[in-house]
Every structure is written in structure tokens, then in C-alpha cells.
Amino acid sequence: MAAVDRLVAQRRREAAPAASRDMLDLLLAARDAETGEALGDGEVRDQAATMLFAGFETTARLLFWATWLLALDRLEQDRLRAEVAAFPPDRVSGLDDLQNWPRLRMVLLEALRLYPPGGMILREAVEPDEILGHAMSPGMHAWTSMWVLHRHRRFWEEPEAFRPGRFAGQFAPWTAGGAYMPFGAGPRICIGATFAMAEASIVLASLLARYEVAPADKRPVLPVGKMTTMPDHEPLFTLAPA
Ligand code: HEM
């Protein structure tokens with residue numbers, strides 16, 4: 001938080017040049033349509049920190065788990081490399097270009113299923129309610145576990161297996177309203193899903209275009225559910241020129 005405070009103070013003193021204006025400049029320039037008031041430092045800091053956490057750590061975790069799964073599955077990795085070689089990352093100039101990497105998207109969707117960076121979401125009842133026959137009084141919490149939904153035998157064949165092909169022909173399956181909800185669901189669904197998928201596709205494609213990735217040792221990596229779905233240790237990878 002102190003780092004974000006420093007950034008906010010610095011940007012207030014000195015606006016970024018027009019060409020590199022970012023969300024922080026927009027927040028600082030924002031005015032309430034009715035009162036004309038600007039956001040206070042605390043509000044700007046909280047908004048910026050939310051975007052930083054919501055948008056950075058989650059996508060980083062997705063990239064980690066996708067890379068880990070591919071390091072263990074060399075056939076899949078080679079298949080993706082061939083797809084990426086046919087349309088190298090430096091040719092990407094818009095979102096539509098990502099459609100040249102259908103298999104890469106399936107791999108990301110499958111990584112999000114097996115290791116959803118946000119493993120659970122929480123809701124607090126604001127008024128008396130009922131969920132699945134359970135009475136909820138105001139202040140009670142209800143958790144939804146994407147981790148459980150994504151690995152439930154009732155919804156998935158071979159739920160523990162890394163099988164990207166299960167998402168063949170599906171572009172944004174989290175919008176289908178089923179048991180797949182790595183970006184949440186309903187009115188509070190992630191606003192960054194499209195951006196995250198684009199960012200992760202380009203980063204992963206750039207990595208695979210240059211390197212063959214392998215685990216440096218055989219120690220398994222276990223998921224730990226904290227704020228995000230983290231690895232229990234940071235494994236080393238070996239990178240060989242592709
Ligand atoms: C792989 C990457 C990502 C995953 C897995 C992810 C996951 C989620 C989930 C599960 C929620 C719903 C939380 C809830 O219902 O309580 C959410 C909300 C949100 N996400 Fe993401 N997210 C990702 C990337 C991003 C990015 C890149 C941004 C911004 C650039 C972002 C911004 C947000 C914001 C602002 C919300 C709150 C929306 C609201 O409450 O109305 N996320 N995200």
C-alpha cells in the first residue's frame with residue numbers, strides 16, 4: 001500500500017505525458033458528475049490497489065500454472081509451438097488475431113479449470129434469504145468454491161486430467177452459466193476477463209516461440225489456496241532455445 005501511495009503522490013505532482021496516460025491518471029482526473037468532486041487520495045489508492053491485485057496477480061498465477069502444465073506435457077507444448085510458429089506473436093495487432101491460436105486458448109481455459117487463480121468467492125447476506133434450503137440471516141457468509149466445481153466428477157470427465165481438448169470450439173465458456181466460472185458469475189463477474197485472456201495468450205505464445213520449457217527437477221508442485229491459488233514452492237524451469 002505504501003508503494004501505491006508513493007505512486008499516487010508522485011503522479012499528482014507530475015502528470016504522465018499524454019502518450020503514456022494510464023488508469024491512475026484517469027482516476028486522478030475523474031470528477032463526480034453531480035458534485036464535481038475529485039476522488040480523495042485514499043480512494044484513488046484503494047481503486048489502484050484493487051486493479052493491481054485483481055489484474056496482476058491473477059493473470060500471473062494463470063501463466064504460472066499453464067507453463068507448469070505445459071512443462072509436464074511436452075506433446076501439448078510442441079503442438080502449441082507449431083501453432084504459434086504459424087502465426088508468430090509479433091503479428092498480433094488486435095484481439096481478432098488471437099483466433100489464430102485456438103489450441104493455446106484451450107490450454108489456458110483448461111489451466112483456469114484445474115487451477116482457478118481465484119479459487120473461491122464470498123458473498124455476505126444483506127437481508128434474510130435462503131440458499132438451497134439453508135436460512136441465511138444478514139451478515140452470514142456464503143462461499144462458492146470454483147476449485148470444487150471445476151474438479152467435480154458430476155460435471156467433468158476425468159476431472160483431474162489436463163485435457164485441453166475438452167474446450168474445443170468454445171471461446172468464452174465462463175459465459176455459459178455452467179460449472180465453469182474462473183472469472184466468477186453474475187453481476188460481479190470479472191471485468192478483466194477478455195484482457196486477461198489476451199495478455200496471457202500473448203505472453204505464453206512469446207515464451208513458447210522462443211523456448212522449450214521443462215521442469216528443472218521432479219518435485220511435484222502442489223496448489224495452495226490463499227488469496228489466489230498459489231504453488232507450494234517456486235519450482236525452477238529450464239529453458240532451451242526452441
Ligand atoms: C486470469 C485472470 C483473472 C482471473 C482468474 C480473475 C478472476 C476474477 C473473479 C473470480 C472475480 C469475481 C470476484 C467475486 O465475484 O467476488 C473477479 C472480479 C474482478 N476482476 Fe478479475 N480476474 C482476472 C483478471 C483480471 C484483470 C486483468 C482485471 C483488470 C484489468 C480484473 C479486474 C477485476 C475487477 C475490478 C473485479 C471486480 C468486479 C466487480 O466486483 O464488479 N481481473 N475477477
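**View 1. Leu132 is an exposed residue, with 5 other C-beta atoms within 10 Å.** A residue is called exposed if 12 or fewer other C-beta atoms lie within 10 Å of its own, buried if there are 20 or more, and partly exposed in between, with C-beta atoms placed from the backbone. Please keep in mind that this is a predicted model, in which local features need pLDDT of at least 70 and side-chain atom pairs count only at pLDDT 80 or more, while totals for chains, interfaces and linings use all residues. Residue numbers start from 1 along each chain as its sequence is written. Leu132 sits in the loop between strand E2 (129-131) and strand E3 (134-136). Helices (H or I, at least four residues) and strands (E, at least two) are DSSP runs numbered from the N terminus. The phi of Leu132 is near 50 degrees, a positive value in a residue other than glycine. Most residues other than glycine have a negative phi.

**View 2. Glu158 also has a positive phi, near 45 degrees.** Look for Glu158 in the loop between helix H6 (146-150) and H7. Glu158 counts as exposed, with 9 C-beta neighbours inside 10 Å.

**View 3. The ligand is surrounded by 19 residues.** A residue belongs here if its C-beta atom, placed from the backbone, lies within 6 Å of the molecule. The closest are Gly55, Thr58, Gly184, Cys190 and Gly192. Helix H3 (41-72) and helix H7 (193-210) are the elements that give two or more residues to this shell, and H3 gives the most, with seven. Sorted by class, the shell holds 11 nonpolar, seven polar and one charged residues. Here Ala, Val, Leu, Ile, Met, Phe, Trp, Tyr, Cys and Pro count as nonpolar, Asp, Glu, Lys and Arg as charged, and the others, Gly among them, as polar.

**View 4. The largest nonpolar core has 26 residues.** Such a core is a set of buried Ala, Val, Leu, Ile, Met, Phe, Trp, Tyr and Cys residues joined through C-beta atoms within 7 Å. Leu62, Ala66, Leu104, Val107, Leu108, Ala111 and Leu204 touch the most other members. H3, helix H4 (74-86), helix H5 (102-114) and H7 each give two or more residues to this core, and the largest share, eight residues, comes from H5. Leaving aside neighbours within four places in sequence, Leu104 is in contact with Leu80, Glu83, Val84, Ser201, Leu204 and Ala205. Contact means that two C-beta atoms, placed from the backbone, lie within 7 Å. A second, separate core of five residues includes Met146, Tyr180, Met181 and Phe183. In soluble globular proteins, nonpolar side chains tend to be buried together.

**View 5. Domain 1 (1-39) meets domain 2 (40-241).** These bounds come from an automatic or database domain assignment. The contact takes nine residues from domain 1 and nine residues from domain 2. On the side of domain 1 that touches domain 2, helix H1 (2-13) and helix H2 (23-29) are the elements that give two or more residues. The largest share of that side, four residues, comes from H2. The residues on that side divide into eight nonpolar, no polar and one charged. The C-alpha centres of domain 1 and domain 2 lie 30 Å apart.

**View 6. Strand E5 (residues 211-215) and E8 pair in the antiparallel sense over five bridges.** Strands are said to pair if DSSP finds at least two bridges between them. One pair to pick out is Val213 with its bridge partner in E8, Leu239. Of the five residues of strand E8 (residues 237-241), the number buried is zero, so E8 lies largely in the open.
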